[in-house]
Amino acid sequence: MTDLATSPVGDSEAEPQRPERAAEPLLGRMDGLLARPWAVRSAEALVSIVAAFAFALLCTRINVNPLNRVGQVSGLAMLQKYAAIVGLPILAVLLYTAYRGSLARYQLVQRLVCAAVAGLATGAVAGGIVVALNGTQWGLGGQEGDPGNLIGMANGMLTGHGLPGVYPPGFPAVLALWSKLFYGGVGGGGYALKDVQLICTALVGPMAYLSWRLLLRPFWALLIAVPSAILFLDPIRPYSHVTMLVMVPMLAAALRELRRAHRLSTRSTVLRGVGFGVSFGLMFLWYSGWFVWAAPGVFVLALFLVPWRKGAARIKPVLLFLAATLISAGVVGAPLLYQLVRLGAEAKDRYAYLSVYLDPAYVMGWASDRAGDLNYHDFPWRGELAGQSAYTLMLLAGVALALGLGLRSIVVRTTAATLVSAWLLRFYFASQLAHAKAVQLFPRTTWIILYALMILAVLGLMFAVQRGTAWLRTVQRVGTDGGPAPLTLRPAVTGRLVAGAVCAVALFGTMAASWSVDRYMPTTDSRYLPSTGSQQVDMGIDAWRAHILVNRNGKCPKFDPAGQNDCAKVNMNLREYNNEPDKGRLWCANVSGEDWATVCGTKRPW
């Protein structure tokens with residue numbers, strides 16, 4: 001059975017057939033169409049995207065008051081009910097074909113079901129945000145904080161002020177376009193933000209899954225895509241993390257093409273290089289930070305992959321592919337690259353928050369500036385072995401398997417290079433924190449490091465399964481004393497195991513999506529903590545802010561927390577985003593005034 005194999009999509013290995021069954025037509029009249037790889041891959045993409053959007057739309061039927069906990073619980077339960085209604089028939093088809101269907105039919109169903117599960121996972125998160133924002137036309141965050149900055153950037157573009165400094169312009173440009181098309185341009189950015197947030201949130205799962213399908217078979221792509229997509233998905237800024245999720249497999253796919261460039265024609269080499277370059281350029285404009293963390297390690301790896309000793313016939317195609325990729329990426333990303341060169345030295349990130357105060361070697365969890373009651377004394381929770389949890393040890397065991405069994409794999413090498421690069425840059429910038437008084441976004445490497453660890457853990461499991469199945473097949477062939485083998489591995493059995501594993505991943509996806517959504521359920525107000533003398537808010541404050549702003553029709557949201565039609569008006573001054581003047585010192589969030597000297601080392605600025 002090929003479902004547990006590790007060879008990437010498109011390899012020349014022949015698909016093993018079930019010996020007990022003769023070859024059967026794939027699906028009758030559709031045999032000719034679905035036998036074509038492009039058709040099946042297109043069907044996967046279509047199924048995944050449709051599943052994500054359809055489930056999010058289904059959740060618009062949930063009508064509860066998200067501003068009280070009873071309404072939130074009821075909404076979360078209805079989300080799970082819809083997931084069961086939609087998901088159980090899909091999984092039942094998979095299990096049926098695993099037990100009763102032909103090999104060809106089962107492989108097709110497995111591909112489509114895995115694609116659907118990936119779409120439903122983040123479609124459920126988007127549907128939960130629909131519930132959290134029920135009754136308001138504003139997106140998460142309203143017009144405060146980062147959402148207000150994004151609206152300001154979009155308004156700046158609409159009024160002809162160009163790119164927003166060194167911030168990636170992709171998402172603000174889409175927000176500006178959506179606002180102009182559907183909400184009248186300037187003044188409609190807040191309403192457009194809700195639509196774009198929901199669309200991008202729903203697409204994270206399909207994008208992650210489809211990018212990993214460039215390299216892995218359906219189950220393994222699903223096993224990476226679903227947990228990572230839900231864990232890293234931040235619906236208030238869904239554009240940033242999807243770039244990270246897609247970038248790593250795209251880098252591995254590009255380096256795989258680099259290694260076999262000598263087998264391709266010149267035209268094919270150039271076209272593939274341009275395709276990857278344009279994709280990287282667009283991702284760079286969408287969110288550039290992940291490229292900064294990964295670039296040094298991937299650059300060094302690429303140098304090692306160039307066959308310097310193989311002669312000009314091998315080197316020239318590789319260099320041609322590299323040139324086509326880099327030039328096309330540079331052309332597409334030129335607007336932001338120019339801004340980074342022009343203003344990069346002036347862009348100092350001096351905003352500190354809870355993750356800045358944590359042990360910098362801790363990369364297994366994240367605490368934002370919506371930290372609630374947490375502080376660096378009680379977060380993270382310490383594990384049993386030198387502070388490390390069982391989850392950490394499991395990931396590291398998977399990493400050991402990946403490096404021990406699969407270091408020749410380009411996916412393992414690319415992920416490891418990204419991990420090492422981000423790890424070193426993290427500690428470089430963190431070590432300069434006290435003297436430079438600049439954070440330089442180093443806590444965000446937490447995400448890409450943890451993502452790399454998760455990838456390597458899944459790959460380690462994959463290679464272990466590969467070696468184990470190969471050993472069992474050897475035992476099956478040899479047998480004992482000429483008799484039947486004590487351990488047998490039939491294709492039908494492995495197919496059923498994969499089907500069961502897909503069901504388990506789907507169940508995890510529904511539970512994890514509910515966890516993700518519950519964090520964003522609106523809280524009615526921030527809390528004053530007498531012990532610290534500070535206002536502490538959690539992630540629900542962003543949904544609450546959306547419920548206190550007037551809707552487009554001039555009326556207050558349906559569940560206006562004030563209850564007296566006294567909601568806030570649109571801030572028309574958000575016409576352009578401008579950085580505040582650099583004051584040369586850290587701004588320490590999540591810290592009370594009297595603790596400022598203890599945490600920041602300076603007197604409080606007010």
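A disulfide here is a pair of cysteine sulfur atoms within 2.5 Å. Keep that in mind for the cysteine points below, and remember that this is a predicted model.

1. **The cysteine pair.** Cys588 and Cys600 meet that cut-off, with their sulfur atoms 1.3 Å apart. The count for the structure comes to one disulfide by this rule. The link of Cys588 and Cys600 is right-handed, with 50 degrees about the S-S bond. It ties together distant parts of the chain, 12 residues apart: Cys588 sits in strand E4 (residues 587-588), while Cys600 belongs to helix H21 (residues 596-600).

2. **Can you see that pair from outside?** Both ends fall under the 20% relative accessible area that marks a residue as buried. Cys588 counts as buried because its relative accessibility is 2%, and Cys600 counts as buried at 10%.

3. **Cysteines elsewhere.** Why is there no bond between Cys503 and Cys114? The sulfur in Cys114 is the closest cysteine sulfur to that of Cys503, but at 9.8 Å it is too far for a bond. Cys503 is itself buried, with a relative accessible area of 18%. Cys200 is another buried cysteine, and its relative accessible area is 15%.

4. **The chain overall.** If you want the broad picture, the chain has 21 helices and four strands. Of its 606 residues, 51% count as buried. Take the contacts between residues at least 6 apart in sequence: 74% of them join residues at least 24 apart.

5. **Helix H4.** How far does H4 reach from its first C-alpha to its last? The 30 residues of this helix (residues 103-132) cover 43 Å, close to the 44 Å expected at 1.5 Å a residue. H4 is largely enclosed by the rest of the structure, because 26 of its 30 residues are buried.

6. **Just past H4.** Asn134 is in the loop between H4 and helix H5 (145-158). Is this loop residue buried or exposed? Asn134 is buried, and its relative accessible area is 16%. Leaving aside neighbours within four places in sequence, its contacts are Ile62, Asn63, Val64, Pro66, His547 and Phe559. Ile62 is 72 residues away from Asn134 along the chain, yet 8.4 Å separates their C-alpha atoms.

7. **H12 against H13.** Two packed helices are described by the angle between their axes and the distance between the axes. For helix H12 (residues 312-332) and helix H13 (residues 334-343), the axes come within 5 Å and cross at roughly 75 degrees. Angles of 65 to 115 degrees count as roughly perpendicular, and H12 and H13 are therefore roughly perpendicular to each other. On the H12 side, Gly330, Val331 and Val332 do the meeting; on the H13 side, Ala334, Pro335 and Leu337 do. Sorted by class, this contact has five nonpolar residues, one polar residue and no charged residues.

8. **A serine in H19.** Ser514 has its place in helix H19 (residues 491-518). With a relative accessible area of 17%, Ser514 is buried. Which residues does Ser514 contact once its neighbours within four places in sequence are left aside? They are Leu76 and Gln80.

Conventions: Residues numbered from 1 in each chain as written. Predicted model: local features only at pLDDT ≥ 70, side-chain atom pairs only at ≥ 80, totals over all residues. Heavy atoms only, no water. Helix = DSSP H or I, 4+ residues; strand = E, 2+ residues; numbered from the N terminus. Buried < 20%, exposed > 50% of the residue type's maximum accessible area, 1.4 Å probe, protein only. Expected span 1.5 Å × (residues − 1). Axes fitted to C-alpha atoms, helices over the stretch in contact; angles between N-to-C directions. Parallel < 35°, antiparallel > 145°, perpendicular 65-115°, else oblique. Contact = heavy atoms within 4.5 Å. Nonpolar A, V, L, I, M, F, W, Y, C, P; charged D, E, K, R; others polar.
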